[in-house]
Structure formats: structure tokens, C-alpha cells
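Work through these exercises with the structure open beside you. Try each task before you read its solution.

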Amino acid sequence: MKRTAFITGITGQDGSYLAELLLDRGYDVHGMVRRSSVERFDRIEHLRGRVTLHQGDLLDQRSLGDALRATQPDEIYNLAAMSFVAVSWVQPTLTAEFSGVGVTRILEAVRETCPDARFYQASSSEMFGKVREVPQTELTPFYPRSPYGVAKAYGHFITVNYRESYGLHATSGILFNHESPRRGLEFVTRKITWHAAAIKLGLVDKLRLGNLDAERDWGYAKDYVEAMWMMLQRDQPDDFVIATGVAHSVRECVEIAFDQAGLAVNDYVETDSSLIRPADVEQLIGDCTKARELLGWEPRTNFEALIRLMVDADLALLTQ
Ligand code: NAP
Ligand code: G4F
């Protein structure tokens, strides 16, 4: 029988790739979207007519219940969040409402309308923050370093709590950074690849960045949404780290991107102290052994290939 999936955050990077994956696997795909005076559904424009969209917001309990009642999904992927760490210092309580308490709202809606559905929560490596051990696993204690990380830790624990309190099939994926040509322009990899392409084409002349020494474990979003789906195919709900196990610095990202564009870094890149965060996460490296062993999941795209494909995509985008 055809299975039904419901995705919050379907207009985002991950939501759009996950919707494609689920459609390819024969699902009836539903997504939740927010009302805006200008509709910005660029990432799912090509899926119009193949997915059913419901108006809703993580701030609005009634809309969550109504959308789930109408959909009666087998699987729910809660990807919606205020996902940009830097802005979480500017809007700390709104971030807590979206990315923290919003998880309780949707879990309550699940309990009320479709308690047998399988639920995925988009948790984050940002919860590890000032890391307590290297590499980080499902058992590493959290030490979040941003209002976003704190909100995500709440969302993670409430997911675990509803699994243990009410027997919901609630799973938390602790995903390390993952990028793609659909990544928002404000995130560092896409900012770098877009600027490398734009400088190459003579559209801008400088790239200003903050902390060049920060290191992240960066993977490819397309590989990571597959892990989300794999987690919900297990009869047992659980928590999984999804990562490549290799860290690179922002500086290395710049070097690869500018090399791909055929540019010399020193001519174009400047540091800007206003982009330094009040508290940063210096280094994240994930250990996804549990996902390898229990899900059979493997990262397929390495960092260099990822950054090069993003530069090529931005060159193509800007020459359209
Ligand atoms: P993204 O591109 O920023 O997408 C976020 C989505 O959430 C958008 O569809 C956005 O809708 C929606 N949204 C935001 N606030 C909402 C609200 N109050 N009600 C309903 N929808 C709302 O993020 P992403 O990179 O795809 O990430 C997906 C999820 O994974 C997020 O929860 C993020 O925190 C988490 N995560 C991401 C990474 C990563 O490296 N990408 C790593 C770990 C965890 P609009 O289009 O209307 O703004
Ligand atoms: O690309 P970023 O903004 O990603 P960040 O903060 O790691 O968060 C992303 O990954 C999390 C998983 O760990 C997700 F949960 C979250 O939703 C999001 O997807 O910044 C990466 C690093 C930071 O250390 C930052 O200080 O790059 C450094 N950086 C240096 N210059 C910059 C810049 N980041 C941005 N966005 N812009 C800069 O100019």
C-alpha cells in the first residue's frame, strides 16, 4: 500500500531533497508551508503538483493538528526550524519557540491525531558545541554554544522523552553540517561557493568572512536525507549521529572553492570581525559507527567533491 509522509520545513534545503527521495520511493508526500506575502517555494517549484501542501506553523498548535489529521501520515519528518546559528543570538526567544518548544507542539499533535506514526526530529551537532570528546557519538554529553544549540538540545530531549513517556516511535537524527547547491546563501560553504562564482564572473569583487579557523564535519545533504529515511524504516526508534568523520576548516573550504573557480584567494578574501560570533564552535567531528552498523548508511560524497560541485552549480546559476 502507498505510504504517506508529512514533512515540516519542506521548502528548506533538506525538505526539498527529502521530498524528492520519498516521491522516488512511491510515497504520497505532504508538506507544511508558512504563509508569506511573497511565496518563496523555489526549492520545491519542480515538485509542484506532486506534493500536497498544508498551511501551518510550528508556533500554531491548531494548524499542526489540523494538517496531521487531514494527512494521517505513516512517517513525519520535523525539519522546520530557525536554522541559522548566527541569527539565534539576535532572535533568541523566537529561536527557542521554533526550534525548541515547536518540537513539543508537533509531538503533542502527533499524540492527539496519529500516535502510531513514525516521527523524525532534526537534531544537530551544534548541541555538542564546546565538545566534551572527539569524535562525538550518540553518548557524548551536550554543551551547546548558541541559543540555537540550546533550543535544539531541548528539541532532542523532548523527542526522547515522548518516546519513553508515551511510546511514540520518535527518532532523533543528530546530523552534522550538510550542504548542497540548495544551501541558504547565509551559510558559510554556500556563501563561499557563490562568491567564488560571482567574483569569477565579475559580479562582485570581495568575499568577507568571520572565523576562518572554525572546523566542521561537512557532508552532502542528498546523502543525509537518505539517512533520515533509513532511521524511520527501523521498527525500533533510536538516536543516530550522521557525519563523515572528517573535519575541514573554513579556510580549506575557501581554498578549494577558489581553486575550482580558477582564482587566487589572497586577491579577494578579507576577514570581517563583525562576522565573528559571540561564542563559536571550534571543531566538530562525528562518529557515525552506529548508523553504519544498524542502518547500513555511509556518506558517499567527500568534502572536496562537495565544494567543487557547489562552485560549478553556482557558476551555472549565475550564467543563466
Ligand atoms: P533550512 O534550509 O533553513 O530550512 C528550514 C525550513 O524550516 C524552511 O522550510 C522554513 O520555512 C521552515 N520553518 C522555519 N520556521 C518555521 C516555522 N515556525 N513553522 C514552519 N516552518 C518553519 O534548513 P535545512 O538546512 O534544510 O535544515 C533542516 C533541519 O535540520 C533544521 O531543523 C535544521 O535546524 C536541522 N539541521 C540542519 C543541519 C544542516 O547542516 N543543514 C544540520 C543539523 C540539523 P520557510 O521557507 O518558510 O522559511
Ligand atoms: O555555515 P555556518 O553558518 O554553520 P553552523 O553554524 O555550523 O550551523 C549549521 O550547521 C549546524 C550543524 O552543526 C546546523 F544545526 C545549523 O542549522 C546550520 O545548518 O557556520 C560554520 C562555521 C562557523 O564556525 C562560523 O563562525 O563557519 C564560520 N564562519 C566564518 N565566516 C562563517 C562565516 N559562517 C557564516 N555563516 N558566515 C561567515 O561569513
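**Exercise 1. Decide whether helix H5 is largely enclosed or not, and say why.**

Solution. The model is predicted.

Step 1. Set the cut-off: a residue is buried when its relative accessible area is under 20%.

Step 2. Apply it to the helix. Ten of the 13 residues of H5 are buried, so the rest of the structure largely encloses this helix.

Step 3. Name the buried residues. Among them are Thr 189, Arg 190 and Lys 191. Ile 192, Thr 193 and His 195 are also buried, and so are Ala 196, Ala 197, Ala 198 and Ile 199.

Step 4. Find the cover. It includes strands S7 (178-179) and S8 (207-209), together with helices H7 (250-261) and H9 (303-318).

**Exercise 2. Compare the span of H5 with the expected value, then look at what follows the helix.**

Solution. Step 1. H5 covers residues 188-200. From its first C-alpha to its last, H5 reaches 18 Å.

Step 2. At 1.5 Å a residue, 18 Å is expected, and the span of H5 is close to that.

Step 3. Move past the helix. Gly 202 follows H5, and its phi is positive, near 75°.

**Exercise 3. Describe the shell around ligand 1.**

Solution. Step 1. Start with the residues. There are 25 around ligand 1, and those that come nearest are Thr 11, Asp 14, Arg 34, Ser 83 and Tyr 148.

Step 2. Sort the shell by class: ten residues are nonpolar, nine polar and six charged.

Step 3. Ask which elements supply it. Helix H1 (13-24), strand S5 (118-124) and helix H4 (147-166) each give at least two residues. S5 gives the most, with three.

Step 4. Check the polar atoms. A polar backbone atom of Gln 13 is 3.0 Å from an oxygen atom of ligand 1. For Asp 14, a backbone N or O atom lies 2.8 Å from a ligand 1 oxygen. Asp 57 uses its side chain: a polar atom there lies 2.9 Å from a nitrogen atom of ligand 1.

Step 5. Turn to area. Ligand 1 alone exposes 900 Å², and the protein buries 87% of that.

**Exercise 4. Is His 248 buried or exposed? Place this residue and list its contacts.**

Solution. Step 1. His 248 sits in strand S12 (residues 248-249).

Step 2. Its relative accessibility is 18%, so His 248 counts as buried.

Step 3. The side chains of His 248 and Glu 252 make a polar contact at 2.9 Å.

Step 4. Set aside neighbours within four places in sequence. His 248 is then in contact with Ala 214, Glu 215, Arg 216, Trp 218 and Phe 303.

How values were computed. Residues are numbered from 1 along each chain as its sequence is written. Chains are lettered from A and ligands numbered from 1 in the order in which they are written. This is a predicted model: local features need pLDDT of at least 70, side-chain atom pairs count only at pLDDT 80 or more; totals for chains, interfaces and linings use all residues. Side-chain values use heavy atoms; hydrogens and water are left out. A residue is near a molecule or strand if one of its heavy atoms lies within 4 Å of it. A polar contact is a pair of N or O atoms within 3.5 Å; within protein, one must be able to donate a hydrogen and the other to accept it, and residues adjacent in sequence count only if both atoms are side-chain atoms. Accessible areas come from the Shrake-Rupley method with a 1.4 Å probe; for residues, only the protein chains shown count as cover. Helices (H or I, at least four residues) and strands (E, at least two) are DSSP runs, numbered from the N terminus. Ala, Val, Leu, Ile, Met, Phe, Trp, Tyr, Cys and Pro count as nonpolar, Asp, Glu, Lys and Arg as charged, and the others, Gly among them, as polar. The expected span of a helix is 1.5 Å times one less than its number of residues. Buried means under 20% relative accessible area, exposed over 50%, partly exposed in between (1.4 Å probe, protein chains only). Contact means heavy atoms within 4.5 Å.
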